[in-house]
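Visitor: I should like a close look at the spaces in this protein and at the charged pairs in its side chains. Please take me through them in a connected account.

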Amino acid sequence: MKKTLIEIENVSVEISKPDKELFPSIHFTKRDMAEYYLRMADIMLPHMRGRPVSMKRFPDGIHKEGFFQKTVPDYFPPWIERVTLPKKEAGAITHLVCNRPATLVYLADQACVTPHVWLSTTDRIEYPDRLVFDLDPPNDDFEPVRQGARHIARLAREVGLVPYLMTTGSRGLHVVLPLDRISGFDDVRTFAKSMAEVLAMRHQDLLTTEQRKDKRRGRVFLDYLRNAYAQTVPPPYSIRARPSASVATPIEWHELADAKLRSTTYHVKNIFRRLGRKADPWKDMNQSARSLKKAKSALREAVSERGTTT
């Protein structure tokens, strides 16, 4: 049976069935994916380092059903880093931690198309350093998502937080606010909910916090629900299970003005061309970490001044 060996960091990573087409419509193989993640490792790993990983695997290709895997299988090699963390209810799970290029390549061999990462790191696992809003279009029109992202950014700046933007590579956009890791998940989720409610009140025709689709009436759902212990998001530059092998891509805020921009604009065929022209907009994100305590106070003041209730 044909195999490929990739030598990296004094480790030989075996790619089994390297010619297996994981993305048949563009003939993108497992070897191609391993080489993509190896080439992307230096820019991608800073966004993954120290974060527990859940694996979205597609062993038969994305045209077949995949599955999420949180627990590290026993057969994973010993050099793969692990961390055992308590579940929210009871018990514990041993997660993979991706701190090195060889791990990314090994995940590609396991047909892990998209590694998903926690919003916190293992050294302060209960204290997230990211707050995420996930925006998907209610239909084929991407414009409401653009507008929603701008409104989130405006309110974030109003309360002293620094917003960052990413096309998810799937359907919509992520707006991410870096935090100083002082507040726990419960506080972060409560604050995110309050922000969402303020936004939905200010922009009632565009945004909603209604979780039921039949009650959204064509409005954009302000999804703040990922801001919880053990919830995950796709990291920047990860491949998504879409026919074009689209890539989750950090972008600058001014790029929202491009009418052609979509969540799947960037993919494995053009992402390196983009990175050759533009530096990673999230490179220095951690320097923008802010206090949730101050933001809470500012949000209360903003609500009071505008007469908006939460």
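Guide: The account that follows takes the enclosed space, then the open pockets, then the charged pairs, and ends with one helix. The model is a predicted one.

The enclosed space comes first. The count gives one cavity of 30 Å³ or more. The largest cavity holds about 140 Å³ of space. Its lining is made of 15 residues, and those nearest the centre are His47, Arg130, Val233, Pro236 and Trp282. Two or more lining residues come from each of strand S9 (112-118), strand S10 (130-135) and strand S12 (173-178). In terms of residue class, the cavity lining has 11 nonpolar, two polar and two charged residues.

The pockets come next. In the largest pocket there is about 330 Å³ of space. This pocket is lined by 15 residues, with His116, Ser170, Arg226, Arg240 and Arg242 the closest to its centre. Its lining comprises three nonpolar, five polar and seven charged residues. The second largest pocket has about 250 Å³ of space. There the lining consists of 13 residues, and Asp136, Arg171, Lys213, Arg216 and Phe221 are the closest to the centre. Strand S10 and strand S14 (220-221) each contribute at least two residues to the lining of the second largest pocket. Its classes are five nonpolar, one polar and seven charged residues.

The charged pairs may now be considered. Side chains of opposite charge can pair when their charged atoms come close. The structure contains 14 salt bridges. One of them joins Arg31 to Asp19, with 2.7 Å between the closest N and O atoms. Arg31 belongs to helix H1 (residues 30-44), while Asp19 sits in the loop between strand S2 (11-16) and strand S3 (21-23), so this pair ties together parts that are 12 residues apart in sequence. Asp19 has a relative accessible area of 38% and is therefore partly exposed.

Helix H1 also takes part in a second salt bridge, through Lys30. The side chain of Lys30 meets that of Asp109, at 4.0 Å from N to O. Because Asp109 lies in helix H2 (residues 101-109) and Lys30 in H1, the pair ties together parts that are 79 residues apart in sequence. Both Asp109 and Lys30 are buried.

A further salt bridge links Asp123 with Arg181, whose closest N and O atoms are 2.9 Å apart. Asp123 is in the loop between S9 and S10, and Arg181 is in the loop between S12 and helix H4 (185-202), so the two tie together parts that are 58 residues apart in sequence. Asp123 has a relative accessibility of 55% and therefore counts as exposed, whereas Arg181, at 22%, is partly exposed.

Arg130, named above among the residues nearest the centre of the largest cavity, also belongs to a network of salt bridges with Arg51 and Asp129.

Helix H3 (residues 143-158) closes the account. Its 16 residues reach 23 Å from the first C-alpha to the last, close to the 22 Å expected at 1.5 Å a residue. Buried residues in H3 include Val145, Ala149, Ile152 and Leu155, and also Arg146 and His151. After H3 comes Gly160, which has a positive phi near 90 degrees.

Technical notes:
Residues are numbered from 1 along each chain as its sequence is written. This is a predicted model: local features need pLDDT of at least 70, side-chain atom pairs count only at pLDDT 80 or more; totals for chains, interfaces and linings use all residues. Side-chain values use heavy atoms; hydrogens and water are left out. On a 1 Å grid over the protein atoms alone, a cavity is a set of points where a 1.4 Å probe fits but cannot get out, and a pocket is an open set with protein on both sides within 12 Å along at least five of seven lines; lining residues have an atom within 4 Å of a point. Grid points are joined across faces, edges and corners, and a volume is the space filled by probe spheres set on the points. Helices (H or I, at least four residues) and strands (E, at least two) are DSSP runs, numbered from the N terminus. Ala, Val, Leu, Ile, Met, Phe, Trp, Tyr, Cys and Pro count as nonpolar, Asp, Glu, Lys and Arg as charged, and the others, Gly among them, as polar. Buried means under 20% relative accessible area, exposed over 50%, partly exposed in between (1.4 Å probe, protein chains only). The expected span of a helix is 1.5 Å times one less than its number of residues.
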